Amino acid sequence: MSLATTMIVLFLQIITCFLFTTTASSPHGFTIDLIQRRSNSSSSRLSKNQLQGASPYADTLFDYNIYLMKLQVGTPPFEIEAEIDTGSDLIWTQCMPCTNCYSQYAPIFDPSNSSTFKEKRCNGNSCHYKIIYADTTYSKGTLATETVTIHSTSGEPFVMPETTIGCGHNSSWFKPTFSGMVGLSWGPSSLITQMGGEYPGLMSYCFASQGTSKINFGTNAIVAGDGVVSTTMFLTTAKPGLYYLNLDAVSVGDTHVETMGTTFHALEGNIIIDSGTTLTYFPVSYCNLVREAVDHYVTAVRTADPTGNDMLCYYTDTIDIFPVITMHFSGGADLVLDKYNMYIETITRGTFCLAIICNNPPQDAIFGNRAQNNFLVGYDSSSLLVSFSPTNCSALWN
């Protein structure tokens, strides 16, 4: 499943509710005022984490072509495994009663068993949400506040009372191996925003094609040191909350394919970095230039894409025939990608495809999670930087 950037459609009464909430606290999520409304026990636990310089984190795992993180919702804590999605901002999980839910292997969260679940009200009624993703998967349900718990480097749980979540009662087409989504964009309802000002927009993850890993928040999420390259992240008014980067060029072997002179060229962001999308997407005109450069190097026989995604594919038993691809982001951030990042062996053995899909406006260009494999990727919204450190991610936390 390839999840692309999210289109979130909130009913008018939800928007009214959010306006009330942000007026009462802040347009940027949880603030000191909101923290002060927490119970004494929870406030003490957070203060202890802060005094010890602790950082929140969660365990992650690879599930074929997506990445999940483990977190707990409710009191007593109920563990769920939800997809890591920097392309959306809502945290949601399937909830009982499920009127039209997809089948999931793990038990479904039952709010009636939680003492901290509180449904949000909008003009005296339930606040409804509706999220439709680019691959037509969707989730519909009600908004609520609930306690969310993840790990902390202090050894104490990192507890987030009164966190806004979506309780999904009608969701479809998702994989049965996960229970929902964890939105990690800059949006007001994302997990990272609701952590509050003590953990200001610092996040890092390291994806691999096997094993488990961690997603870090706070000071432990800073990516620095030898070999690190950083590029500016941009916000757009058209799609606020998404992490845009600026791609200046792509090198295919020794062939340099500039965005300059194409409609893809920009100075303040032209591609979204998205953990919830598997492949990389370029606008069709620029995509064809990159494809031509790849085809110039590859001597194998071309074949139709057996997956139906219209990728550039060849008959071959080895990935070694393909050229190295380098992404050149603004500020001199040159990412030399491993061949695994950019070429995929399909279910039809003996067929490899370029892991870049051509799309048409108004669809966004996307830097997907396959291309991010074996980089420690750090987000720092205070300095407006995304940093990449080449890393053997599968061995990092073994």
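How many bridges join strand 22 (residues 313-315) to strand 26 (residues 351-354)? The legends below take this and other close-ups in turn, and they all show a predicted model.

**View A. Strands 22 and 26 sit side by side in an open sheet.** Three bridges join strand 22 to strand 26, and the two strands run antiparallel. One residue to look for is Cys 313, whose bridge partner in strand 26 is Cys 353. Zoom out and you get an open sheet of four strands in the order 21-22-26-25, with antiparallel pairing. Its edges are strand 21 (302-303) and strand 25 (343-345), each of which pairs on one side only.

**View B. Helix 5 has a buried face.** Tyr 286, Cys 287, Val 290, Arg 291, Ala 293 and Val 294 are the buried residues here. Looking down the axis of helix 5, you find them within an arc of 160 degrees, so they line one face of the helix. Residues three or four places apart in an α-helix point the same way, because there are 3.6 residues a turn. Over on the other side of helix 5, Glu 292 and His 296 are exposed. The length works out too: at 1.5 Å a residue, the 14 residues of helix 5 (residues 284-297) should span 20 Å, and the end C-alpha atoms are indeed 20 Å apart.

**View C. Tyr 102 and Phe 178 make a tilted pair.** This is one of 22 aromatic pairs in the structure. The ring centres of Tyr 102 and Phe 178 are 6.4 Å apart and the planes sit at 50 degrees, so the pair counts as tilted. Tyr 102 comes from the loop between strand 5 (91-94) and strand 6 (118-119), while Phe 178 comes from the loop between strand 11 (158-172) and strand 12 (180-183), 76 residues apart. Tyr 102 is buried at 7% relative accessible area, and Phe 178 is buried at 0%.

**View D. Trp 186 meets Tyr 243 edge-to-face.** Here the centres are 5.7 Å apart with the planes at 85 degrees, so the pair is edge-to-face. Trp 186 lies in the loop between strand 12 and helix 4 (191-194), and Tyr 243 in the loop between strand 15 (229-232) and strand 16 (244-245), so the pair ties together parts 57 residues apart in sequence. Tyr 243 is buried, at 1% relative accessibility. Both rings belong to one aromatic cluster, together with Phe 62, Tyr 67, Tyr 205, Phe 207 and Tyr 379.

**View E. Lys 140 and Arg 370 each lie over the face of a tyrosine.** Lys 140 is over Tyr 138, at 5.1 Å from the ring centre. Arg 370 is over Tyr 340, at 3.7 Å from the ring centre.

Note on methods: Residues are numbered from 1 along each chain as its sequence is written. This is a predicted model: local features need pLDDT of at least 70, side-chain atom pairs count only at pLDDT 80 or more; totals for chains, interfaces and linings use all residues. Side-chain values use heavy atoms; hydrogens and water are left out. The expected span of a helix is 1.5 Å times one less than its number of residues. Buried means under 20% relative accessible area, exposed over 50%, partly exposed in between (1.4 Å probe, protein chains only). The arc is that of the directions from the helix axis to the C-beta atoms. Rings of Phe, Tyr and Trp (its six-membered ring) pair if their centres lie within 6.5 Å; planes under 30 degrees apart count as stacked, over 60 as edge-to-face and the rest as tilted. A charge sits over a ring if NZ of Lys or CZ of Arg is within 6 Å of the ring centre and within 35 degrees of the ring normal. Two strands pair if DSSP finds at least two bridges between them.
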